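Work through the exercises below with the sequence and the coordinates open side by side. Each task is followed by a solution that proceeds in steps.

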Amino acid sequence: MQRIRLRYTKRGRLRFTSHRDFQRAFERALRRAEVPMAYSAGFTPHPKVSYANAAPTGTGSEAEYLEIALTEARDPEKLRILLDESLPAGLDVVDAVEARTSGLADRLTASVWELRLDGVAPEDAERAVAAFNAAGTVEVQRTTKNGLRTFDARSAVADLEVRADLETHSEPADRPTDQPCAILRLVVRHVTPAVRPDDVLSGLRAVADLAPPVPAAVTRLAQGLFDEETGTVTDPLAPDREAAEAPTAAAAATAPA
């Protein structure tokens with residue numbers, strides 16, 4: 001059985017698709033692309049697809065991950081192209097590797113987010129971010145299926161800053177372009193309870209009364225292992241690529257001159 005790991009995106013209007021919507025679209029794409037899927041046992045077999053840490057509905061993403069199991073070996077790049085062509089524009093399969101290591105979900109320990117705050121001046125955002133970063137704890141509330149829950153949104157945040165440039169991965173706002181706009185870059189660890197970008201926005205409101213006049217445009221730029229020394233989030237598919245390249249490198253080193 002071959003396992004393939006895929007990275008896909010949620011762009012444009014497709015950011016409003018729920019995780020269940022994506023599951024249905026992806027299973028249809030598997031059938032269209034005639035992928036030789038492995039299925040679970042039992043009375044209602046399902047294709048063996050493992051989803052990892054999906055982004056909340058309404059947020060865009062450049063870094064969503066899943067793993068599929070195949071009954072026949074396929075070239076990962078050719079499979080990626082077939083699946084990408086079978087999905088609607090915006091749900092784009094952008095990377096594929098053969099799984100040669102274990103624990104993909106264990107390597108998703110942090111995310112990098114971009115928050116576009118239309119109608120917020122950068123200097124106001126900087127003051128709010130400074131207050132948030134200086135706080136020891138920032139308690140926020142979120143309604144869950146078990147009722148209203150209060151938790152600390154500060155401890156999970158590894159980095160929060162206002163970007164000096166206005167380059168953005170978010171969709172252009174459907175508003176006048178002369179309005180002020182602040183772009184935040186957020187690095188947040190995956191903890192329990194999960195701290196989401198909207199929790200951090202609630203925290204900015206709590207510590208500095210920062211309240212964007214329109215909903216923020218939120219995009220996940222990356223997710224993977226968090227490097228405490230550098231403060232960066234690494235590519236979770238890199239170990240699989242390195243494992244695939246190792247036999248080739250070893251063969252080249254032992255080949256006669």
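The exercises that follow concern a predicted model, and they go from overall confidence to local backbone details.

**Exercise 1. Establish how confident the prediction is and how the chain is built.**

Step 1. Begin with the confidence: the protein averages a pLDDT of 91, and 91% of the residues score at least 70.

Step 2. Locate the extremes, which are helix 5 (residues 238–254), where confidence is lowest at a mean of 74, and strand 4 (residues 93–98), where it is highest at 98. Where pLDDT is low, the predicted coordinates should not be read in detail.

Step 3. Count the elements and take the dimensions: the protein has five helices and twelve strands, and its C-alpha atoms fill a box of roughly 60 × 50 × 40 Å along the principal axes.

Step 4. Turn to burial and contacts: buried residues make up 41% of the 257 residues, while among contacts with a separation of 6 or more, 78% join residues 24 or more positions apart.

**Exercise 2. Describe the largest nonpolar core, and examine the surroundings of Leu160.**

Step 1. The largest nonpolar core has 28 residues, and those with the most contacts inside it are Leu115, Leu117, Leu160, Leu184, Leu186 and Leu204.

Step 2. Assign the core to elements: strand 5, helix 3 (122–134), strand 8 (157–162), strand 9 and helix 4 (197–208) each supply at least two of its residues.

Step 3. Once neighbours within four places in sequence are set aside, Leu160 is in contact with Val129, Phe132, Asn133, Leu184, Arg185, Leu186, Val200 and Leu204.

Step 4. A second, separate core of 22 residues should also be recorded, with Val49, Leu66, Leu70 and Ala96 among its members.

**Exercise 3. Characterise the second largest pocket and the largest cavity.**

Step 1. The second largest pocket holds about 200 Å³ of space, and of the 15 residues that line it, Asn53, Ala194, Val195, Arg196 and Arg220 are the closest to its centre.

Step 2. Strand 5 (110–118) and strand 9 (181–189) each give at least two residues to this pocket's lining, which divides by class into nine nonpolar, three polar and three charged residues.

Step 3. For the enclosed space, the count comes to one cavity of 30 Å³ or more, and the largest cavity has a volume of about 40 Å³.

Step 4. The lining of the largest cavity consists of Tyr8, Lys10, Thr17, Ser18, His19, Phe22, Ala54, Ala55 and Glu64, with strand 1 (2–10) and helix 1 (19–32) as the elements that give two or more residues. By class, this lining has four nonpolar, three polar and two charged residues.

**Exercise 4. Identify backbone geometry that deserves a check, and place each case in the fold.**

Step 1. Recall the background expectation: most residues other than glycine have a negative phi, and most peptide bonds are trans.

Step 2. The peptide bond from Thr192 to Pro193 is cis, with omega near -5°, and Pro193 is found in the loop between strand 9 and helix 4.

Step 3. Asn53, although not a glycine, has a positive phi of about 55°, and it lies in the loop between strand 2 (49–52) and strand 3 (60–70). Asn53 counts as partly exposed because its relative accessibility is 38%, which falls between the cut-offs of 20% and 50%.

Step 4. Asp209, likewise not a glycine, has a positive phi of about 55° and lies in the loop between helix 4 and strand 10 (217–224). Asp209 has a relative accessibility of 63%, and therefore counts as exposed, the cut-off being over 50%.

Key: Residues are numbered from 1 along each chain as its sequence is written. This is a predicted model: local features need pLDDT of at least 70, side-chain atom pairs count only at pLDDT 80 or more; totals for chains, interfaces and linings use all residues. Side-chain values use heavy atoms; hydrogens and water are left out. On a 1 Å grid over the protein atoms alone, a cavity is a set of points where a 1.4 Å probe fits but cannot get out, and a pocket is an open set with protein on both sides within 12 Å along at least five of seven lines; lining residues have an atom within 4 Å of a point. Grid points are joined across faces, edges and corners, and a volume is the space filled by probe spheres set on the points. Helices (H or I, at least four residues) and strands (E, at least two) are DSSP runs, numbered from the N terminus. Ala, Val, Leu, Ile, Met, Phe, Trp, Tyr, Cys and Pro count as nonpolar, Asp, Glu, Lys and Arg as charged, and the others, Gly among them, as polar. A nonpolar core is a set of buried Ala, Val, Leu, Ile, Met, Phe, Trp, Tyr and Cys residues joined through side-chain atoms within 4.5 Å. Buried means under 20% relative accessible area, exposed over 50%, partly exposed in between (1.4 Å probe, protein chains only). Contact means heavy atoms within 4.5 Å. pLDDT is the predictor's confidence in each residue, from 0 to 100.
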